[in-house]
Amino acid sequence: MHLVPHWHALIRRAWSIRLILLAGLLSGLSLASPDLLGIPRGLFAGLSALVTAAAFAARLIAQRME
């Protein structure tokens, strides 16, 4: 297993990485304090699933690294 040559640019600019980080944050929030934001649990879980699905899709789409 090898890192891609431009991994540092990928971390800063790729939408897939941003969405993966957001999905991780939502997962952490749901575990730490599910009622923190006053959002019903089902809606919060749905939002988390949507962000995870978007991260998966963004990972498959070619992204410019400009």
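Phe56 lies in helix H3, where a helix is a DSSP run of H or I with at least four residues, a strand is a run of E with at least two, and both are numbered from the N terminus. The model here is a predicted one, in which local features need pLDDT of at least 70, side-chain atom pairs count only at pLDDT 80 or more, and totals for chains, interfaces and linings use all residues. Residues are numbered from 1 along each chain as its sequence is written, and side-chain values use heavy atoms, leaving out hydrogens and water.

Back to Phe56, which is exposed, with a relative accessible area of 59%; exposed means over 50%, buried under 20%, and partly exposed in between (1.4 Å probe, protein chains only). Its C-alpha atom is separated by 8.3 Å from that of Ile20, 36 residues away along the chain.

Further along the same topic comes Leu21, placed in helix H2 (residues 15–32). Leu21 is exposed too, at a relative accessible area of 60%. Between Leu21 and Thr52 there are 9.5 Å from C-alpha to C-alpha, with their positions 31 residues apart in sequence.

Ser48 also belongs to helix H3, which covers residues 41–60. Ser48 counts as buried because its relative accessible area is 13%. Leaving aside residues up to four places away in sequence, Ser48 touches Ala23, Leu26 and Ser27, a contact being heavy atoms within 4.5 Å.

As for the fold overall, the protein chain has three helices and zero strands, and its elements run α-α-α from the N terminus on. Of the 66 residues in the protein chain, 18% are buried. Take the contacts between residues at least 6 apart in sequence: 62% of them join residues at least 24 apart.

On the surface side, the protein chain exposes about 5200 Å², and carbon and sulfur atoms supply 71% of that; accessible areas come from the Shrake-Rupley method with a 1.4 Å probe, and for residues only the protein chains shown count as cover. Leu3, Val4, Trp7 and Ile11 form a nonpolar surface patch, with about 410 Å² of accessible area together. One member of the patch, Ile11, is found in helix H1 (residues 7–13). Ile11 counts as partly exposed because its relative accessibility is 47%.

Then there are the rings. The charged end of Arg18 sits over the ring of Trp15, 4.8 Å from its centre; for this, NZ of Lys or CZ of Arg has to be within 6 Å of the ring centre and within 35 degrees of the ring normal.

Definitions and conventions
Patch = residues over 30% accessible without salt bridge, like charges linked within 9 Å, V, L, I, M, F, W, Y side chains within 5 Å. Salt bridge = Lys/Arg side-chain N within 4 Å of Asp/Glu carboxyl O.
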